[in-house]
Amino acid sequence: MTYILNRLLSIVLTLFLISVITFGVTNILPGDVATMIMGTQSNPAALAGLRESLGLNDPVIMRYGRWIGGLLTGDWGHSLVFKQPIAELLIQKIKASSLIVIMSMVIALACAVPLGVWAAVHRNRWQDTVSSSSALLGISLPDFFWGIVMILLFARTLGWFPSSGFADPAQEFGRALMHAFLPALALGLGLMAHLTRMTRSTMTGILEQEFIRVSRAKGLAERTVVWRYALANAIGPVMTVAGLQVGYLFGSIIVVETLFNYTGMGWLTYQALLNRDVPLIQATVFVIAAVVMLTNLIVDLLYLLVDPRIRLG
Amino acid sequence: MKRFLTPKGLIGLSLVLAILLIAILAPLLIPADLATRMTMTARLRPPSADYLLGTDQLGRSLFYRVMLGANTSLMIAGAAVAMSVLLGLPLGIISGYYRGHVDNVLMRLVDTLLSFPALLLALTISAMLGPNLPNTIIAIGIAFTPFLARIIRGEALRVAQMPYVEAARAAGTNDLQMILRHILPNIMPPIIVQATISLAFAILAEAGLSFLGLGTQPPQSSWGLMIQASRDYLDIAPWTALVPGAAVALTVLGLNMFGDTLRDVLDPRTK
């Protein structure tokens, strides 16, 4: 209980630090919001006026206070590019991205765990070489390159999936899945490669342990030993890595969504960055970091449930 | 040394050496005009005897451009990783060596920074500073620092508890000497391994940034930029994407294989 309370307290502190870093990073720029709104060619007097009215001349600490106050009271401001309330935009885009993030996680785990186990069971044989080499190839190519290959293959040549665009899952679920599939696959491949490597090394270690030898000596079927006994012990570390990779996923999502023109969180972040829409950049960066932090926390807590040996006081 | 003589180690080493050689020699051997010369009559040509790897949408030789791209990509990745090691070293060593409150505060900050996906952090910094070559290095360098600081801290923590460090302390060595003479040399091997692997990630990050237009800017030749330019011609000229893609893949693959082997050789815990 104390552990969970401590973690909750640390969430608040971490969220505060995330907000400070986000604000800091977005305030190192030489240009400012006023020039963004009016353009670089605008009249200096008008520019100064706008700066004053936007409060850009206030000390940093005051500007930060105003921003964080807005976040806390639900006033996330307006996007300069989309001319829409940021909160609305975010909710819409987060929904779109959740679909491909979850799909890519499922694809990655569904392929990586069997592949990794297969490699560990046949360690140093051809099966291991095949699995490990393909995993190495998987982590060596940028996701957007996989994306391009998939567009060429599945969209242009075979015509199975659309090569770009987005459909709202609430309205047309089937079409939404079709649009989400290729981006999810492009995201999932890199992740799958990481998880395969992780599963293989964890399983290799576990298969050498005493209790595995005992279960084999007991006469249990090899299938039971590997898939029930060994894997049950490997799944914790693999899940932790999968959780940590969510951060990586949210980085890649920017590139992949932009490539597939899939209008989710990553695409929104990119539009914000490209147009230097500072309020929107601050909001997207803050939300992504917060989501990554919270996911890691959830994974930690799940780990407690999955592995009863861990008891933190 | 024997551990290096595995197929993986040898392939990794040869790939890394070959690409290093290309990156260093390309700008010296390839006349600048060959890579930038636009031949409008030879646009989007497939690979042939005249154009070894084909040509791009402006009729420029992909062979020369991909070679020159090696220089840009490796230079940016190398400088960025060097920067993150240089920033990570003091952070990590101070944390791991002094422990206590300093460690708590620094690592809380580092952990928070780790909540920001490295690519997002790099993209944001680059967009904010204005995308160009030096800022791409700074952006990737800063984005990779928390990760390296964490690893360096772990190593410093481990080494600081070694008996020889205690012996040196008993002999009256002061903190600065201790860090420079005893801690630093002993944490270098795992850091070199990590830097090699980070180099692979930095190549991918540079390609990603340039692909999104927030990294290297034209007319500079970069693999990410080449892939980006190829997007509009995928149907008729897929090689314009495949050539730079393969260059990235071979480089990162080489670095990963080299890094894996280096870890086996240098890391005492896997012996």
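Reader: Before we look at Asp128(A), what does "buried" mean here?
Author: Buried means a relative accessible area under 20%, whereas exposed means over 50% and partly exposed covers what lies in between. The model in front of you is a predicted one, and in this model Asp128(A) has 5% relative accessibility, so Asp128(A) counts as buried.

Reader: Which residue does Asp128(A) meet in a salt bridge?
Author: The partner is Arg200(A), and the N to O distance between the two side chains is 2.8 Å. Because Arg200(A) sits in helix H8 (residues 173-207) of chain A and Asp128(A) in helix H6 (residues 126-140) of chain A, the pair ties together parts that are 72 residues apart in sequence.

Reader: And is Arg200(A) buried or exposed?
Author: Neither word fits, since Arg200(A) is partly exposed, with a relative accessible area of 21%.

Reader: OK, switching to chain B, what does Lys8(B) pair with?
Author: Lys8(B) forms a salt bridge with Asp260(B), and their closest N and O atoms are 3.0 Å apart. Asp260(B) belongs to helix H10 (residues 239-266) of chain B and Lys8(B) to helix H1 (residues 7-29) of chain B, so this pair links parts that are 252 residues apart in sequence.

Reader: How accessible are those two?
Author: Asp260(B) counts as buried at 9% relative accessibility, while Lys8(B), at 34%, counts as partly exposed.

Reader: How many salt bridges are there over all chains?
Author: The structure holds nine of them over all chains, and one of these joins Arg150(B) to Asp111(B), with the closest N and O atoms 3.0 Å apart.

Notes: Residues are numbered from 1 along each chain as its sequence is written. Chains are lettered from A and ligands numbered from 1 in the order in which they are written. This is a predicted model: local features need pLDDT of at least 70, side-chain atom pairs count only at pLDDT 80 or more; totals for chains, interfaces and linings use all residues. Side-chain values use heavy atoms; hydrogens and water are left out. A salt bridge is a side-chain nitrogen of Lys or Arg within 4 Å of a carboxyl oxygen of Asp or Glu. Helices (H or I, at least four residues) and strands (E, at least two) are DSSP runs, numbered from the N terminus. Buried means under 20% relative accessible area, exposed over 50%, partly exposed in between (1.4 Å probe, protein chains only).
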